[in-house]
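Student: I have a structure to read and many terms to learn. Can we go through them one by one?

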Amino acid sequence: MPLSISGRPSETQAIRAVHAALECGTTLIDTADVYCLDDDDIGHNERLIAKALKQWPGSKDGLIVATKGGLTRPGGSWERNGHPAHLKQACDRALKALGVDRIDLYQFHAPDEKVPFRESVGALAELQKHGKIRWVGLSNVSVAEIEEASAIVEITTVQNRLSPFFREAIRPGRSMLLRKTPSVVKHCEGRGIGFLAYSPVGGGRLNLRLPSHPVLQAIGLRIGASPHAVTLAWVLAQGPTVIPIPGGRTPEHVADAIRAGELTLTTEDLEAIDRAEFSRS
C-alpha cells in the first residue's frame, strides 16, 4: 500500500522494495485495486506488482498474490461499494492489471451497509465458480460475518487490523445474549482461517512512535532488533494463523520487517507489550 498512495516512492524504488521482499523469501504479496491516489488511478498497485514480478529474475514458485475489491476512491476518499456488479467488474479489472488468468486470493475489502452482506459474498463465490479466483477472503469483518460468509463459500483468509495500537481483533466480543464470543483471531484459529493483520505497526503515522517507545526499545536493545521488528514479532505471536502484512517503501524497511519472523520474544516480553500503553492521540 505505501508504494502507491500519497507519498509513494518512484517506480524504480518501489520495484526494488518488492524485489527485496522476494530476495528475503516472501511468499505473500497483498495488494488492492484502491491502493492508489483516486479513482483515476485505480489499479496502480496491482499494475506495479505485476511489473515488479515480470522483472524479477528468480523463481516465483509458491508465491501468492492477494488483492481486494469493494472500495472506491472518489476524489481520493475511501468509500465502500459491495454491489455484486461492482465486485465482478473490479475482479475483471484486477485480472487484467495483474496479468493473470486467475487471482490467487480475492478478498472482499469491507462490508457495505447499503448492500446485503450475503449478496457481496455471493458475488465472490460466483467468481470462484467461474475460475477467476482460487481462494476467497474477507476484510474488516466480525465473527458473525465470517460465519455468515462461510455458509456461502469457503473462507480462506480474514484481513483485519491488528497492532499494539488497535487490539480489537484479539479481544472477545459479546453476543446478543451477552455471552462472550471468541475474538476474530481466535475464531480464525479455530476454523483454520489465515488471519492477515493489516497495519501491524500502527498505520498512518503511528508507526513513527515505535522507535521511542520504552518497552519496545528495551526489548529491541536486548535482542538486537528494531522496535518495528519487535512489534511485528508481537503480532505474529498472537496466534498460529496470524500473518502480518507490513508495508515498506524501501528495501531496508522490507528487510527489517521480514527479520521479525526470525525473532523469538519471551513470555515476559509479550506480557510487557500487552501491558504497555500505546497512545493514538
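Tutor: What follows is a set of short questions on a predicted model.

Student: Why is Cys91 counted as buried?
Tutor: Buried means under 20% relative accessible area. Cys91 has 0% relative accessibility, so Cys91 counts as buried.

Student: What makes Cys24 partly exposed?
Tutor: Partly exposed covers the range between under 20% and over 50%. Cys24 is at 41% relative accessibility, so Cys24 counts as partly exposed.

Student: How do you know that Cys91 is too far from Cys36 for a bond?
Tutor: A disulfide needs two cysteine sulfur atoms within 2.5 Å. The closest cysteine sulfur to that of Cys91 is in Cys36, at 17 Å, so a bond is ruled out.

Student: How many disulfides does a search of the whole structure find?
Tutor: Zero.

Student: Why is helix 8 called largely enclosed?
Tutor: Helix 8 (residues 227-236) has ten residues, and eight of them are buried, so the rest of the structure largely encloses this helix. Among the buried ones are Pro227, Leu232 and Trp234.

Student: What covers the buried residues of helix 8?
Tutor: The cover includes strand 10 (194-198), strand 11 (242-244), helix 7 (214-223), helix 9 (251-259) and helix 10 (267-275). Helix 8 lies across strand 10 and strand 11. Its angle to strand 11 is about 160°.

Student: What makes strand 1 and strand 11 edge strands?
Tutor: Each pairs on one side only. They belong to an open sheet of seven strands, in the order 1-2-5-6-7-10-11, with parallel pairing. Neighbouring strands there are turned by 25° against each other on average, direction ignored.

Student: How do you know that strand 5 and strand 6 pair?
Tutor: Pairing takes at least two bridges. Strand 5 (residues 103-108) and strand 6 (residues 133-139) have five, in the parallel sense. That meets the definition, so they count as paired. Ile103 stands opposite Ile133 in strand 6.

Student: Which residues have the most contacts inside the largest nonpolar core?
Tutor: Tyr106, Leu138, Val158 and Phe195. This core has 72 residues. Helix 1 (residues 11-23) gives the largest share, seven residues. Another core, of seven residues, lies apart from it and includes Tyr35, Ile42, Leu71 and Ala110.

Student: Which residues does Val158 touch, not counting residues up to four places away in sequence?
Tutor: Contact takes heavy atoms within 4.5 Å. Val158 touches Leu138, Val141, Ile146, Val184, Cys188, Ile193, Gly194, Phe195 and Leu196.

Definitions and conventions. Residues numbered from 1 in each chain as written. Predicted model: local features only at pLDDT ≥ 70, side-chain atom pairs only at ≥ 80, totals over all residues. Heavy atoms only, no water. Core = buried A, V, L, I, M, F, W, Y, C linked by side-chain atoms within 4.5 Å. Buried < 20%, exposed > 50% of the residue type's maximum accessible area, 1.4 Å probe, protein only. Helix = DSSP H or I, 4+ residues; strand = E, 2+ residues; numbered from the N terminus. Axes fitted to C-alpha atoms, helices over the stretch in contact; angles between N-to-C directions.
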